[in-house]
Amino acid sequence: MSATDLAGLRVLVSAGPTYEDIDPVRFIGNRSSGKMGFAIACAAARRGADTVLVAGPVSLPSPDAVTRVNVRSAAQMHEAVMAALPADVYIGAAAVADFTPLEMSTSKIKKKPGSDTLTLELVRTADVLADVAVHAQRPRLVVGFAAETDNVEGYARGKLVNKKLDLIAANRVGVAGSGFECDDNALSVFWHDDERALGPAAKTELADQLLDLVLERLAATPGPAPT
Ligand code: CTP
């Protein structure tokens with residue numbers, strides 16, 4: 001790692017959760033803090049990359065020298081990420097909702113007398129990462145994240161292949177000291193013929209280690225070399 005080893009590269013990062021609105025006062029969200037994605041964007045900009053951060057609803061401060069685009073829903077994240085292409089590298093660290101309400105109620109949903117249940121109809125969201133990976137302006141390196149509670153390598157390698165990624169950084173969630181809402185994390189990064197364990201370390205340190213690996217894989221990938 002050197003001070004400006006990412007100069008000349010445009011790095012696009014997504015971070016945080018998405019909120020899918022049910023009605024004007026309620027939404028479906030998740031426990032992503034956004035810290036990993038923000039740490040990656042911060043490190044990329046510090047190392048000289050032209051860095052765009054598409055951020056879900058988190059209250060984290062914007063890293064220096066990063067162009068930040070705030071979004072709320074999975075659909076908005078999809079639109080903002082596509083609008084930010086082309087990029088040399090896409091790192092999808094956001095925890096994008098997989099489902100969203102079929103319809104958002106424009107008025108607050110009220111309890112119905114005599115009814116103890118409420119049924120919400122949800123529909124699949126578009127997969128931002130998979131769509132970036134098959135985009136006409138596909139970044140040279142497309143990096144996904146996989147948060148798993150079990151069978152980490154199996155599920156992560158499945159996503160690597162199915163979403164046509166170059167790298168996938170997997171972490172185990174639901175254990176102390178790693179994953180959502182933590183300052184530390186440990187990642188197992190997989191690519192088609194190899195893998196590397198990063199951490200356990202602070203997310204800020206892991207971000208630099210992941211970017212070191214991104215540079216290594218870029219050097220091994222056909223295309224213009226970083227300047
Ligand atoms: N992802 C995305 N758009 C979605 C869903 C997921 O871009 N609509 C991305 C995430 O940013 C992450 C990767 O896909 O980089 C894996 O997300 P994850 O939630 O672990 O997996 P899913 O594909 O949603 O699969 P599952 O929920 O079945 O584990």
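# Exercises on a predicted model

Ser32 lies in the loop between S3 and H1. The model under study is predicted.

## Exercise 1. The loop before H1

Determine whether Ser32 and Ser33 count as buried or exposed, and identify the backbone nitrogen that the side chain of each one reaches.

**Solution.**

Step 1. Begin with Ser32. A residue is buried under 20% relative accessible area. Ser32 has 11% relative accessibility and therefore counts as buried.

Step 2. Examine the side chain of Ser32: the backbone nitrogen of Gly34 is reached at 3.4 Å. This falls within the 3.5 Å limit for a polar contact.

Step 3. Turn to Ser33, which is also placed in the loop between strand S3 (26–28) and H1. Because its relative accessibility is 18%, Ser33 counts as buried.

Step 4. A polar atom of the Ser33 side chain lies 3.1 Å from the backbone nitrogen of Lys35.

Step 5. For a longer-range reference, take Ala202, which is 170 residues from Ser32 along the chain; the two C-alpha atoms are 16 Å apart.

## Exercise 2. Helix H1

Compare the span of H1 with the expected value, and establish why H1 is described as largely enclosed by the rest of the structure.

**Solution.**

Step 1. H1 covers residues 35–46, twelve residues in total.

Step 2. From the first C-alpha to the last, H1 reaches 16 Å, close to the 16 Å expected at 1.5 Å a residue.

Step 3. Nine of the twelve residues are buried, so H1 is largely enclosed by the rest of the structure. Among these buried residues are Met36, Phe38 and Ile40, together with Gly37 and Ala39.

Step 4. Just after H1, Gly48 adopts a positive phi of about 100 degrees.

## Exercise 3. The ligand site

Locate the ligand, state which elements supply its shell, and list its polar backbone contacts.

**Solution.**

Step 1. The ligand occupies the largest pocket.

Step 2. Of the 16 residues around the ligand, those that come nearest are Gly92, Ala94, Asp98, Lys159 and Lys163.

Step 3. Helix H3 (128–133) and strand S9 (141–148) each contribute at least two residues to the shell. The largest share, four residues, comes from S9.

Step 4. The backbone contacts are as follows.

- Ala126: a backbone N or O atom lies 3.0 Å from a ligand nitrogen atom.
- Leu129: a backbone N or O atom lies 2.8 Å from a ligand oxygen atom.
- Phe145: a polar backbone atom is 2.9 Å from a ligand oxygen atom.

Step 5. On its own the ligand has 570 Å² of accessible area, of which the protein covers 75%.

How values were computed. Residues are numbered from 1 along each chain as its sequence is written. This is a predicted model: local features need pLDDT of at least 70, side-chain atom pairs count only at pLDDT 80 or more; totals for chains, interfaces and linings use all residues. Side-chain values use heavy atoms; hydrogens and water are left out. The expected span of a helix is 1.5 Å times one less than its number of residues. Buried means under 20% relative accessible area, exposed over 50%, partly exposed in between (1.4 Å probe, protein chains only). A residue is near a molecule or strand if one of its heavy atoms lies within 4 Å of it. A polar contact is a pair of N or O atoms within 3.5 Å; within protein, one must be able to donate a hydrogen and the other to accept it, and residues adjacent in sequence count only if both atoms are side-chain atoms. Accessible areas come from the Shrake-Rupley method with a 1.4 Å probe; for residues, only the protein chains shown count as cover. On a 1 Å grid over the protein atoms alone, a cavity is a set of points where a 1.4 Å probe fits but cannot get out, and a pocket is an open set with protein on both sides within 12 Å along at least five of seven lines; lining residues have an atom within 4 Å of a point. A molecule sits in a cavity or pocket if more than half of its atoms lie within 2 Å of its grid points.
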